[in-house]
Structures are given as structure tokens and as C-alpha cells.
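Here are a few exercises to work through with the model open in your viewer. Try each one yourself before you read the solution.

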Amino acid sequence: MVGQSEGRKVVLLEPFVHQVGGHMSMMKYDEHTVCKPLVSQELSFYESLPLAMRQFTPQYKGVISVHLKKDSLGNLTLLASPSLQAESCGRLDHAIGDSAVTIWHKCKWAASTGTGSEHTLVKRCHTQITKTFKDSCPGKMLLRTDLQYHTDPLLEDANGNQPERKSYNPWGLHCHRQHLNRMSSKYNENKLHQFLLLENVVSKYSYPCILDLKMGTRQHGDDASEEKKARHIKKCEQSTSASLGVRICGMQVYQVDTGHFLCKDKYYGRKLSPEGFRQALRQFLCNGNHLRTDVLEPIILQLKALLSVIRKQSSYRFYSSSLLIIYDGLEHKENTAPLDNHLQGHFQKTNCTTTHGTNHARVDVRMIDFAHTTFKGSKCNHTTYDGPDLGYIFGLENLIKILQNISEGK
């Protein structure tokens, strides 16, 4: 491990406890930054991001390089040195400086040794995750700390049902375990891996309620194999991706009556009918006591603004990308803010009662996951398309329509 004796600050990074969807592990770098494995096509997108889209994507903060290290107990460590990255890539976020970054995973990735050490490691990992979650949410007394981790399938019991309420969402740890396992089995410890540094878009929320939506009617990229293409087409045909252009990939909703998060994963989202999707959206807006009408209008407003931007993005295809909708599960005056200037012109009064008068709850609508996004001028080899992404637009239009119906009490 890179030590203080080398004159460099060591930073401990943990699994990102608010990851609700996707299969690629996200790690927390600091309160305002997360990191994920770099995919060249996604990097190309962020480096040439249209100005109009910046308000709807996480801020791109740079690239770091990491390598694996395993100790005698089977714990995995990922070490990252921006100085190595600077030499090999030539791009470095100035805020990181010359620090070495340690990405540390406490859970055992290998098979059980039969000595009981695995139970100890899982217990340690649970304690760390619970601490991480408590540190990320101010209402520490409301959170349980005695949860058990689940084995695959992640959120299902023996009858195939999903227990819903958690003090944290376990999906991020699930992805983290799988990713480190893949890395350790495929690469040696000296192999350098590049990671993207991105804005933590939920950092400003006390209890982030997050909906992860897979957008569009097509999910496979241009580079997909025939087998993968067929698999993704089937998933779309058997879910709301085909009928609505959008499906649920994961969500967490803070329940004020229990102090826990209600969590759903991508397997739940794939099973939903169009009517089930509508009910799930309503569930995302319910805090256990009432419907959060104060967040409905700002969400619809931002989705309409995003739709206007996407319609103007000729040649872009956002295959397999997701859309995050975020609001705070804790209602208080500090959590409200006037509408942004660029949204004021779109504001229309509805019959929905807002919680805080003329102020509206803070919400975020952010596009993420651009590993299969293509556009004219991209550095990656792909098909060049004309006009905007009609599948994505179809999904946005249906999403807005459903939310408007909920707003109107339909």
C-alpha cells in the first residue's frame, strides 16, 4: 500500500451506498465525487459534451489510474496514483493534486476458506457500509444498523419476493463485489485500470430518493455481438422498454414512517407492465405518509427542459444510458429552493398542492452511463445516425405524460 512515508496523502474510498442500478461498480472518492471504471466511448462523450446537455449530466472531473492489491486475508485493495495517470493519460483534475488514492474493499472476494474468516469479513464490511451510510445521512438515530447482507438473487427471499425496506440500498455493494471479483480473476496486481471521476449528484441531499430509468426502445450498442444484441432485444420486448420507451432499473425511496429506504432493483423493473410502471412511479413519489406533490412539478419541468434539449441533438444515440430522478426524502425548509432561471419560463401552475408555497423542492434530473452512446465525430468506431434519438424521446414523452397524470390525480 502507498504509505505516508512516501509523502503522499492516502484517501480511503468506499462503495457508493446510493447506487441503485447498473452493473458497473461506483466508488465514493469524496463527498462530491464518485469514480467508475473508464470506458473509452463514455470518456469521448464527456470530453465533447454539448453545452446544452451539461446541466443534465454529472460534471466530468478527470481520470485516475488504479491497480489491484490483495492481502493475505483475501481483502482486495485498489491503489490509484494520479501521478501515474498524468504520465500515461495527460489529463488530471487539478483538484486532486499529486495525492495517491486508495480504493479499499474489505469484503472477501474469494471462496470461503472454511475457517470462519468469511463471516468476520462480511460482518466488518456490514459495519463499514452502515457507518458510511450513517455518515452520508444526518438523521443517524433513524437508521437501523443490524441488517444482514443478502446473497444472490440480491433482494429476493426463498419465495422470490423482494423485501423492500432497508437502511441502505445493498445494490452498490453487490456491484462492487462482482466487479472486484472480475478484476482479480482477469488481471494481475500490476495491471493499471483507468477510472472516471464524476460529480456525486446526490451529495446535496440528506436522504436521496433516487429513480434509475433505462431510457429508449433499444438498449444494445453498435458494438454488441449478435448474442448480446438478441438478449437485449428480448429484454426490451418483454418489458416497458418496448411499450413505453423506459423501464425501471432501480430505485430507493425514503419512508418517513419507518426511517428506512424502500428499495427495488432491475429485476423488479423488468417484470412491470405499463400499469405496473405507473404504480411504481407513484410509489417513488410516496414517502410512506403522503404523495410528494411538491416534487412532481419541478421534476416534470426538468424533464420537459431535457426533452427540448434531446430533440436538438442530431446524430446522438443514447443506447443503454440511464436517467436519474432525485429528490430529498426529508421535507424541511432548507430543502426548498426557487426554480432555476432557465426553468422559470416553462413554469405552469397546476392543481397540485406544493408543500412550501411558492418555493419548490430541490430535484435533479441527470443522464448517466454513456458507454454505448454514439454521435457524429466520436473517436469510437460506430454507425453515424441522422436526427435525434427518437427512442429516447418516446420514453421521455411517456414519462412526462404519466407524471402529469399523477399530478392531476388520474
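## Exercise 1: Check a helix

Work out whether the ends of helix H9 (residues 293–310) sit where its length says they should, then say how covered H9 is.

*Solution.* Start with the expected span: at 1.5 Å a residue, taken over one less than the number of residues, the 18 residues of H9 should cover 26 Å. Now take the end C-alpha atoms, which are 26 Å apart in the model, so the two values agree. As for cover, 16 of the 18 residues in H9 are buried.

## Exercise 2: Place that helix in the core

Find what H9 gives to the largest nonpolar core, and where that core lies relative to the domains.

*Solution.* Begin with the core itself: 72 residues, with Leu-213, Leu-285, Leu-303, Leu-323 and Leu-403 making the most contacts inside it. H9 supplies the largest share, ten residues. Next, look at the domains: domain 1 (9–86 + 171–201) and domain 2 (204–331 + 359–409) both give residues to this core, so it lies between them.

For a close-up, pick Leu-303. Skipping residues up to four places away in sequence, Leu-303 touches Leu-323, Ile-325, Val-365, Leu-396, Leu-399, Ile-400 and Leu-403. There's also a second, separate core of twelve residues, with Met-27, Ile-64, Phe-195 and Leu-197 among them.

## Exercise 3: Look around a proline

Is Pro-208 buried or exposed, and which residues is Pro-208 in contact with beyond four places in sequence?

*Solution.* First locate Pro-208: it's in strand E9 (residues 208–215). Its relative accessible area is 1%, and buried means under 20%, so Pro-208 counts as buried. Then list its partners outside the sequence neighbourhood: His-18, Val-202, Gln-252, Phe-261, Ile-326 and Tyr-327. One of these, Gln-252, is 44 residues away along the chain, yet the two C-alpha atoms are separated by 7.9 Å.

## Exercise 4: Decide what to trust

Where is confidence lowest and highest in the protein chain, and which stretches stay under 50?

*Solution.* Remember that this is a predicted model. Overall, the chain averages a pLDDT of 75, and 68% of the residues score at least 70. By element, strand E14 (residues 336–337) is lowest, with a mean of 42, while strand E16 (residues 363–368) is highest, at 98. Finally, pick out the weak stretches. Residues 138–158 stay under 50, with 55 contacts beyond four places in sequence in the model. Residues 334–358 are also below 50, with 40 contacts beyond near neighbours in sequence.

Methods. Residues are numbered from 1 along each chain as its sequence is written. This is a predicted model: local features need pLDDT of at least 70, side-chain atom pairs count only at pLDDT 80 or more; totals for chains, interfaces and linings use all residues. Side-chain values use heavy atoms; hydrogens and water are left out. pLDDT is the predictor's confidence in each residue, from 0 to 100. Helices (H or I, at least four residues) and strands (E, at least two) are DSSP runs, numbered from the N terminus. Contact means heavy atoms within 4.5 Å. Buried means under 20% relative accessible area, exposed over 50%, partly exposed in between (1.4 Å probe, protein chains only). A nonpolar core is a set of buried Ala, Val, Leu, Ile, Met, Phe, Trp, Tyr and Cys residues joined through side-chain atoms within 4.5 Å. Domain bounds come from an automatic or database domain assignment.
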